[in-house]
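User: I should like to go through this model and ask, for several of its labels, what justifies them.

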Amino acid sequence: MSVPENGNHSWSEPAPNPTAAGASPEIKPAAKPGKDAGVKRIEYLTSIRFLFSHPQWFKNLLLGGLCVLIPVLNQLLLFGYMYEIVERLHRGERGTYPLFDFSRFSTYITRGVWPFLIAFIAQAIMQPAIQFPMQFGIFGLMAAFEADETTGAIAAAIGIPLALFGLLALTVALTLVLTPLMLRAGLAQDFSQAFKFAWIKDFIRRMWLEAILVNLFMILANMILMPIGCLFFCYGGFMVAFGLTIPGAHLAWQLYELYLARGGEPIPLKPLPADMPPIVLPPHKPLG
């Protein structure tokens with residue numbers, strides 16, 4: 001990667017990659033970062049600025065919004081694009097991110113299927129755990145109000161805060177487990193590799209606080225930006241949904257690099273695909 005002498009942002013045609021598919025059939029673990037890895041703490045605002053680090057960021061949002069409109073496959077595409085950014089950041093390409101490229105449609109889907117399956121399985125398991133207590137509590141409150149309004153009001157005053165606290169605790173626990181699961185699946189690109197429970201336990205032990213805060217930050221960003229995006233003829237909401245995958249990728253990379261800096265075990269990476277285009281770094285100082 002190099003910066004053009006005239007300082008312009010330019011994109012070159014894909015060049016042969018020494019780590020591309022076909023160059024080496026085996027899966028190799030990534031090396032642990034040195035002292036200059038650069039991630040000593042999670043930088044939330046840097047992840048937002050990363051979205052605007054590309055000179056064509058708005059064009060990317062416009063095109064990426066179309067991806068969100070694709071039924072069924074949209075989540076696979078978003079996951080595939082997101083974890084490609086995470087891997088490229090991990091490999092040292094930190095100046096900016098690649099534009100979403102519809103010609104790499106199948107590559108994104110192939111990569112995104114692994115974290116998508118993890119999220120789907122987790123949702124299938126967690127939905128009954130959430131719905132049954134919720135429905136039981138609602139019918140219980142209705143029965144209490146039917147029997148006596150005062151008793152029902154007391155039960156509601158106690159039960160509703162407890163239910164909200166329980167839902168919050170369940171959500172936090174789910175994000176703690178899903179974060180390393182999806183990170184490992186998205187980088188290793190292998191379903192069996194995702195379920196290395198010793199690695200997941202080690203990640204949670206080292207990174208539990210940061211993982212919770214990152215997920216809360218992304219939830220808050222969605223709550224604030226999504227209504228704003230929907231004001232712009234609704235399509236802005238799709239642009240926001242796509243755009244947040246880029247700060248999300250940067251935060252996932254920060255979590256992984258911080259985990260490695262704390263002595264964590266690297267995730268084995270496959271060779272880069274042959275169709276992955278190179279990034280020409282912009283002239284300003286790289287983020288991260």
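Analyst: In this predicted model, the lining of the largest pocket comprises 25 nonpolar, 10 polar and no charged residues. The space in the largest pocket is about 1300 Å³. Its lining counts 35 residues, and the closest to the centre are Phe79, Leu178, Met182, Asn215 and Met218.

User: Which residues closest to the centre of the largest pocket count as nonpolar, and which as polar?

Analyst: Phe, Leu and Met belong to the nonpolar class, whereas Asn falls among the others, which count as polar. Therefore Phe79, Leu178, Met182 and Met218 are nonpolar and Asn215 is polar.

User: Which element gives the most to the lining of the largest pocket?

Analyst: That element is α5, with nine residues. In the second largest pocket, α5 again supplies the largest share, eight residues.

User: Why is the pair of Tyr81 and Phe242 called stacked?

Analyst: Ring centres must lie within 6.5 Å to pair, and planes under 30 degrees apart count as stacked. The centres of Tyr81 and Phe242 are 5.4 Å apart and their planes stand at 15°, so the pair is stacked. The pair joins distant parts of the chain, with Tyr81 in helix α3 and Phe242 in helix α8, 161 residues apart. Both Tyr81 and Phe242 are buried.

User: What makes Arg184 a charge over the ring of Trp199?

Analyst: The distance criterion requires CZ of Arg within 6 Å of the ring centre. Arg184 lies over the face of Trp199 at 5.0 Å from the ring centre, and the distance therefore satisfies that cut-off.

Technical notes. Residues are numbered from 1 along each chain as its sequence is written. This is a predicted model: local features need pLDDT of at least 70, side-chain atom pairs count only at pLDDT 80 or more; totals for chains, interfaces and linings use all residues. Side-chain values use heavy atoms; hydrogens and water are left out. Rings of Phe, Tyr and Trp (its six-membered ring) pair if their centres lie within 6.5 Å; planes under 30 degrees apart count as stacked, over 60 as edge-to-face and the rest as tilted. Helices (H or I, at least four residues) and strands (E, at least two) are DSSP runs, numbered from the N terminus. Buried means under 20% relative accessible area, exposed over 50%, partly exposed in between (1.4 Å probe, protein chains only). A charge sits over a ring if NZ of Lys or CZ of Arg is within 6 Å of the ring centre and within 35 degrees of the ring normal. On a 1 Å grid over the protein atoms alone, a cavity is a set of points where a 1.4 Å probe fits but cannot get out, and a pocket is an open set with protein on both sides within 12 Å along at least five of seven lines; lining residues have an atom within 4 Å of a point. Grid points are joined across faces, edges and corners, and a volume is the space filled by probe spheres set on the points.
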